[in-house]
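I opened the notebook to look up how the helices pack, how the sheet is ordered and where the backbone is unusual. The entries follow in the order I made them.

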Amino acid sequence: MRRVASSFLVAALALTGPAWAQAKKTGSKTVEAPIPAWLVPYRPVAERILATTRDAGGNFAWDRLAFMTDTFGPRLSGSANLDATLRWAEAEMKKDGLENVRLEPVMVPQWIRGDESLEILEPFPNKVPILGLGGSVSTRAEGVVGELMIVKSFDELTARKDEARGRIVLFNVVYTNYGETVRYRGGGASAAARVGALAALVRAVGPPGMRTPHTGGMRYEEGIPKIPTAAIPTEDADRFERMAKRGQKITLRLRMDAHFLDDAPSANVVGEIRGTEKPDEIVLVGGHIDSWDPGTGAMDDGGGCVVTWEALRLLKTLGLKPKRTIRVVLFTNEENGGAGGNGYRDAHKAELEKHVLALESDSGVFRPRGFGFTGSDAARKTLTEIASLLKPLGADAIAAQGGGADIGPAVAAGKIPSASLEVEGSKYFLLHHTPADTVDKLDPKDLADNAAAIAFLAYVVADLPAPLPRP
Ligand SMILES: [Zn+2]
């Protein structure tokens, strides 16, 4: 087992290493910007980890993600697909030689989509593609029939509330960014029900694509009737808008069989590289292994699981053993409940204060940019210095905020410094929660580079003389 030996030896090696780190132009000369002395021993570690992205092994993460998503398909909470994926991941982590590999049981909600359809009845019968929103109730067997009412905002619905009774309301809100437009997916149904609508449709939360609706979670407000709700493609939202402008009356029939079954057993998959000196102190990395049902959840978030897992496999392969434990967690049920993140917090309550850093990858695994970070200024400075050695991957930026839905409960309860993998984001919300979220959208090189970046960051943070300073 090779291990970074004495820092003296490593520092000597560093001096002979390639000068790719932080080359900076001054006038006509190129000089190497200094890195802090404490980081010098880690330069050859970075070189060894980054070298793994260039050999044939650089395809390992993509191949693993392709196997997983090709074989098991979508992984909705409670599904046999997800259960089989959990058992497969556990077995694969053991094959990788990770330590303390286990399934940590969590109960998850079980929402079933069932058959669903949206038909235009008038002006002329034809069907429109839809995806029911996760958590929606069903319609009656014969469906819900109503005249379409289109609004552009909650305010417009309120202003025109007298027109909404007995209608099917469409929130045709053009995608700007996720935070702004996802409010209509989450809260549209109850807003429409409050003014007497029969059902709510939302324009897909994403830029125009290939006439694909986007599913996603929704929630009902207490004390308001639960009405069925679904997303339609941006193209059909624009089409309805054109028809309405022409003065055409649009009557629709929505049919949905969506329903909940009893909560089902599921699990978070956990594996570790145990620390050599402070094994009870933990650097946590991970993503969520569940997905929505239309695609195969390759980008959201199979990729996040595989690159964080791959970071541990790389360290294991290279024989790099840090002082602290690095733990990968593949969380269950991020998409429709958050039971995996809550379950982790509860199961690990006693050791949350020993978590040095929690990092989540759930924004896709495209070209790496670096990491988002939320924590103390001193910790941010340390991470910025570490990431400077990831410049060859383009992964050296530290953004203002970091975190994730799965690590969120543990981070809040344990006041853990939190980070997220940051990547090029132009395609993410085009594919997000659609049938097009498949592995072919992802580049093997990007996965390898992301895994290497996470491996190096996690290794150094786990190997620091003192834990990352907390605020
Ligand atoms: Zn996700």
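I start with a definition: a crossing is right-handed if the near helix is turned clockwise from the far one by less than a right angle, and left-handed if anticlockwise. I keep in mind that this is a predicted model.

**Entry 1: α8 and α13**

I applied that definition to α8 and α13 and found a right-handed crossing. Their axes are 8 Å apart, and the packing angle is about 55°. That angle makes α8 oblique to α13. I then listed the residues that meet. From α8 come Gly-303, Val-306, Val-307, Thr-308, Glu-310, Ala-311, Leu-314 and Leu-315. From α13 come Leu-447, Asn-450, Ala-451, Ala-452, Ile-454, Ala-455, Ala-458 and Tyr-459. Sorted by class, this contact has 12 nonpolar, 3 polar and 1 charged residues.

**Entry 2: α2 and α13**

I went on to helix α2, residues 43–51, against helix α13, residues 444–463. Here the angle is about 155° and the axes lie 9 Å apart. Angles over 145 degrees count as roughly antiparallel, and α2 and α13 are therefore roughly antiparallel to each other. The crossing of α2 past α13 is right-handed. On the α2 side I noted Val-45, Ala-46, Ile-49 and Leu-50. They meet Ala-452, Ala-455, Phe-456 and Tyr-459 of α13. I counted no polar and no charged residues in this contact, and 8 nonpolar ones.

I compared the lists for α13. Ala-452, Ala-455 and Tyr-459 appear in the contact with α2, and they appear in the contact with α8.

**Entry 3: the sheet**

I traced an open sheet of 8 strands with mixed pairing. I wrote down its order as β3-β12-β14-β13-β15-β18-β16-β17. Which strands stand at the edges? They are β3 and β17 (397–399), each with a single partner strand, so one side of each has no neighbour in the sheet. On average, neighbouring strands are turned by 25° against each other, direction ignored.

I looked at one pair inside the order. Strand β13 (residues 278–288) and strand β15 (residues 355–360) are parallel and share 5 bridges. In one of these, Ile-282 has His-355 of β15 as its bridge partner.

Next I checked which helices pack on the strands. Helix α10, residues 377–387, touches β16 (368–374) and β17, and its direction makes about 165° with that of β16. Helix α8 lies across β12 (259–273), β13 and β14. It runs at about 145° to β13.

**Entry 4: cis peptide bonds**

I looked up two cis peptide bonds. One joins Glu-122 and Pro-123, with omega about 15°. Pro-123 sits in the loop between β4 (116–122) and β5 (126–128). The other joins Asp-300 and Asp-301, with omega about 0°. Asp-301 belongs to helix α8, residues 298–318.

**Entry 5: positive phi**

I checked Asn-100, which is not a glycine yet has a positive phi of about 50°. Asn-100 is in strand β3, residues 99–112. Asn-333 also has a positive phi, near 60°. Its place is the loop between β14 (324–331) and α9 (339–347).

Are these residues buried or exposed? Asn-100 has 13 other C-beta atoms within 10 Å, so I put it down as partly exposed. Asn-333 has 29 within 10 Å, so I put it down as buried.

Methods:
Residues numbered from 1 in each chain as written. Predicted model: local features only at pLDDT ≥ 70, side-chain atom pairs only at ≥ 80, totals over all residues. Axes fitted to C-alpha atoms, helices over the stretch in contact; angles between N-to-C directions. Helix = DSSP H or I, 4+ residues; strand = E, 2+ residues; numbered from the N terminus. Parallel < 35°, antiparallel > 145°, perpendicular 65-115°, else oblique. Contact = placed C-beta atoms within 7 Å. Nonpolar A, V, L, I, M, F, W, Y, C, P; charged D, E, K, R; others polar. Buried ≥ 20, exposed ≤ 12 C-beta atoms within 10 Å, placed from the backbone. Pairing = 2+ DSSP bridges.
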